[in-house]
Amino acid sequence: SKKILKDFKEIEFDKINKYGQKIRSLESSLIKQKTSNIEIKSLQQVFHEADKIKIYEEVNDIKKEEEKINANIKETDSIMKIVNLIKDFKQDFKILSGIRVESFLMQKSKDNNNFIALVRKEVECEFTELQNACIFTIERHNKEKLANLANKEGINLVKIPEMNGKVEEIIRDQQTLKKKNEERRFELNKRLEKISKKYYGIVANLKEYLDIEIKKTSIIPKVGSTDY
């Protein structure tokens, strides 16, 4: 009996696990649909049905592109938030960062006047005061000095990313970029919906069957340690 268990453990357990991971990953990527139970009679049938599904790579590519798009949208939102805080900055944003300099903004409040005075005294910087925020433009080698002062005083500084153009241009470009990304995300979602309608039922059923088999096979190593 030990030999039977050992053989089963090595051959089937690996295979069940491999298919289990594959199907579980696919099921979590698809869009949930109403499912009806499909009769599955054996593990061989599960393996056969799983091999017939030819969408693994396509779904994986869709999910990867979606992640990239979501990161792009998040970045656009973050840039828009920064630009809106300093939208009364009249010059080209390219003067705020370059090879030698970078800029940081601080939202204005009554509590940070001391910090402004401290920075202007301790760090060589170009200081721009706007309606809702202040900009510190420093040479890159002074970055640590500025960061240490901010930490000590409990001040939140936000790095201004490298941008070219004036406020209106940047806002317009970022809005266009966001719209483009959202349209692409919508297309991908439609594609995933179409695939899900066709495949979710069978994938969910295979997953359920494999989950039970994985639970069963996880008992095997414990049983295999005795003669009975």
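This is a walk through the structure, one selection at a time.

**Start with the whole chain**

What you have open is a predicted model. Show the protein chain as a cartoon and you will find six helices and four strands. Following the chain along its sequence, the order of elements reads α-α-α-β-α-β-β-α-β-α.

Now switch to the C-alpha trace and turn it around. Along its principal axes the trace spans about 80 × 45 × 30 Å. The radius of gyration of the protein chain is 29 Å, whereas a compact globule of 228 residues would have one near 17 Å.

Colour by burial next, and 36% of the 228 residues count as buried. If you turn on the surface, the accessible area comes to about 15,200 Å², with 50% of it belonging to carbon and sulfur atoms. Colouring by charge brings up 47 positive and 39 negative charges, and the mean positions of the two sets are 3 Å apart.

One more thing before zooming in: how far apart in sequence are the residues that meet? Among contacts between residues at least 6 apart in sequence, 82% join residues at least 24 apart. Several of the stops below let you look at individual contacts.

**Stop 1: S29, at the end of α1**

Select S29, which sits in helix α1 (residues 2–29). Is S29 buried or exposed? Its relative accessibility is 14%, so S29 counts as buried, the cut-off being under 20%. Show what surrounds S29: beyond its neighbours within four places in sequence, it is in contact with V59, K63 and L192.

**Stop 2: K63, across from S29**

Move on to K63, one of those partners. K63 belongs to helix α3 (residues 56–85). With a relative accessible area of 26%, K63 is partly exposed. Residues up to four places away in sequence aside, K63 touches S29 and L192. For a distance to draw in the viewer, join the C-alpha atoms of K63 and K87: they are 24 residues apart along the chain and separated by 35 Å.

**Stop 3: Q33, in the loop after α1**

Next, pick Q33 in the loop between α1 and α2 (43–52). Q33 is partly exposed, at 24% relative accessible area. Apart from neighbours within four places in sequence, Q33 is in contact with E193, S196, K197 and Y200. A line from the C-alpha of Q33 to that of S78 covers 34 Å, for two residues 45 apart in sequence.

**Stop 4: N205, in α6**

Select N205 in helix α6 (residues 167–223). N205 is buried, with a relative accessible area of 7%. Which residues does N205 touch, leaving aside those within four places in sequence? They are S36, N37, I38 and I40.

**Stop 5: S97, before β1**

From S36, draw a line to the C-alpha of S97: the two are 61 residues apart along the chain and separated by 59 Å. S97 lies in the loop between α3 and β1, and it is buried at 11% relative accessible area. Setting aside neighbours within four places in sequence, S97 is in contact with E102, P161, E162 and M163.

**Stop 6: α4 and its two sides**

Select helix α4 (residues 113–122) and show side chains for F115, I116 and V119, its buried residues. Why do these three lie on the same side of α4? They cover an arc of only 100° around the axis, which puts them there together. An α-helix has 3.6 residues a turn, so residues three or four places apart point the same way. Roll the helix over, and on the other side N114 and K121 are exposed. To see what the buried residues of α4 pack against, add β1 (101–107), β2 (125–129), β3 (133–139) and α5 (143–153).

**Stop 7: α5, a partner of α4**

Finish on α5, whose buried residues are L146, L149 and A150. These cover an arc of only 100° around the axis, which means that they share one side of α5. On the other side, E144, N151 and K152 are exposed. The cover over the buried residues of α5 includes β1, α4 and β3. Step past the end of α5 to G154, whose phi is positive, near 70°.

Conventions:
Residues numbered from 1 in each chain as written. Heavy atoms only, no water. Buried < 20%, exposed > 50% of the residue type's maximum accessible area, 1.4 Å probe, protein only. Helix = DSSP H or I, 4+ residues; strand = E, 2+ residues; numbered from the N terminus. Arc of directions from axis to C-beta. Contact = heavy atoms within 4.5 Å. Rg over C-alpha atoms; globule rule 2.2 N^0.38 Å. Areas by Shrake-Rupley, 256 points an atom, 1.4 Å probe, with all protein chains shown as cover. Lys, Arg positive; Asp, Glu negative; His and termini not counted. Charge placed at Lys NZ, Arg CZ, Asp CG, Glu CD.
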